[in-house]
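Colleague: Could you walk me through this model before I set anything up with it? I'd like to go through it piece by piece.

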Amino acid sequence: SLSAGEILALAQAYSLEAYFKFDEGTGTTTADSTGNGHTGTFSGGTSWVVGKSGSAVSLDGSSGTVSCALGANLPANNAPQTISWWMNYAAPPQSVESMIGLTNSTAGSAVQCGFRNGQLTVWNWGGNTLVSTTVPSANSWHQASYTYDGTTHSLYVDGVLANSSTAGAQTAAPSRLDLGLTPGWGEYYAGILDEVRI
């Protein structure tokens, strides 16, 4: 687990805009460790569990979400960015399940990370796939990382490049940051999240 000073140094060196360690272990909120103010608030079937590092958040797939305050500096949906997270789930997904969503419904623009069409997928508003790959095995921890450099979308699983594409990106700045749900679509994630970084 990183110290506060190490987190600040990473944020300054690599433009870390949001970092949810989920190490509180109690209560109904989780801090954004970067200081950018994206505090997350639990609702529905959301609970604390043992995580990859420290504690983590478990989402029940039917009502559990973490809705985050819209703090400073989130990247626009077509800006160069990296989103990484640790995940663990009991079974392969049977439907669309959004783990992380940076959305702007008014502009019809998004970057969403989760499961879609039986794949680990990053997609935009309207369900258009940006990049996808085979779903990793259930009942174990896996790290996923999505990167976009302004041209190429890349998806890494456990540190290995799994797939890339040059699909078109939508352009708006996010007006919401949600963990475990796509707002308005009921696309709930059933599983555990830990160490979410943007």
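Modeller: Contact here means heavy atoms within 4.5 Å. With that in hand, and bearing in mind that this is a predicted model, we can begin wherever you like.

Colleague: Then let's begin with Gly45: which residues is it in contact with, leaving aside its neighbours within four places in sequence?

Modeller: Gly45 is in contact with Ser58, Leu59, Asp60, Ser63 and Gly64 once those neighbours are set aside. Taking Leu59 as an example, it lies 14 residues from Gly45 in sequence, while the C-alpha atoms of the two are 6.0 Å apart in space.

Colleague: Where is the place of Gly45, in terms of strands and loops?

Modeller: Gly45 belongs to the loop that runs between strand E3 (40–43) and strand E4 (46–50), and with a relative accessibility of 22% it counts as partly exposed.

Colleague: Before going further, what pLDDT does the protein chain average?

Modeller: The average over the protein chain is 93, and 93% of the residues score at least 70. The pLDDT is below 50 over residues 7–13, although that stretch still has nine contacts in the model beyond near neighbours in sequence. Where pLDDT is low, the predicted coordinates should not be read in detail.

Colleague: Okay, changing topic to the sheet: what is the order of its eight strands?

Modeller: The order of this open sheet is E2-E3-E6-E15-E8-E9-E10-E11, with antiparallel pairing. Strand E2 (29–30) and E11 are the edge strands, each of them pairing on one side only.

Colleague: How many bridges join E6 to E15?

Modeller: Three bridges join E6 to strand E15, residues 176–179, and the two run antiparallel; within that pairing, Ser67 stands opposite Asp178 of E15.

Colleague: And Thr65, which strand is it found in, and is it buried or exposed?

Modeller: Thr65 is in strand E6, which covers residues 65–68, and it counts as buried, with a relative accessibility of 5%. Its side chain makes a polar contact of 2.6 Å with the side chain of Ser43. Apart from neighbours within four places in sequence, the residues in contact with Thr65 include Thr41, Leu59, Leu179 and Tyr188.

Colleague: What about Ser98, which side chain does a polar contact join it to?

Modeller: The partner is the side chain of Thr182, at 3.2 Å. Ser98 itself is found in strand E8, residues 97–104, and is buried, at 0% relative accessibility. Not counting residues up to four places away in sequence, Ser98 touches Cys113, Trp123, Glu187 and Tyr189, among others.

Colleague: Now E10: why is it largely enclosed by the rest of the structure?

Modeller: Strand E10 spans residues 119–124, and five of its six residues are buried, so the strand is largely enclosed. Five bridges join it to strand E9, residues 109–116, and six join it to strand E11, residues 128–134, with antiparallel pairing in the first case and in the second.

Colleague: Which residues are bridge partners there?

Modeller: Arg116 is paired with Gln119 in E10, and Leu120 has Thr133 of E11 as its bridge partner.

Colleague: And which residues take a positive phi in the two hairpins?

Modeller: In the hairpin of E9 and E10, with two residues between the strands, Asn117 takes a positive phi near 55 degrees. In the hairpin of E10 and E11, where three residues lie between the strands, Gly126 takes a positive phi near 95 degrees.

Colleague: How many disulfides does the structure hold?

Modeller: Zero. The sulfur of Cys68 is 13 Å from its closest cysteine sulfur, that of Cys113, which is too far for a bond, given that a disulfide requires the sulfur atoms to be within 2.5 Å. Cys68 is buried, with a relative accessible area of 11%, and Cys113 is buried as well, at 0%.

Colleague: Last topic, the largest nonpolar core: how many residues does it have, and which have the most contacts inside it?

Modeller: That core has 36 residues, and Trp85 and Ile100 are those with the most contacts inside it. In soluble globular proteins, nonpolar side chains tend to be buried together. Leaving aside neighbours within four places in sequence, Ile100 is in contact with Ile83, Trp85, Val111, Cys113, Leu177 and Val196, among others, and its contacts also include Gln112 and Asp178.

Definitions and conventions. Residues numbered from 1 in each chain as written. Predicted model: local features only at pLDDT ≥ 70, side-chain atom pairs only at ≥ 80, totals over all residues. Heavy atoms only, no water. Buried < 20%, exposed > 50% of the residue type's maximum accessible area, 1.4 Å probe, protein only. Core = buried A, V, L, I, M, F, W, Y, C linked by side-chain atoms within 4.5 Å. Helix = DSSP H or I, 4+ residues; strand = E, 2+ residues; numbered from the N terminus. pLDDT = per-residue confidence, 0-100. Pairing = 2+ DSSP bridges. Polar contact = N/O pair within 3.5 Å; in protein donor to acceptor, adjacent residues only side chain to side chain.
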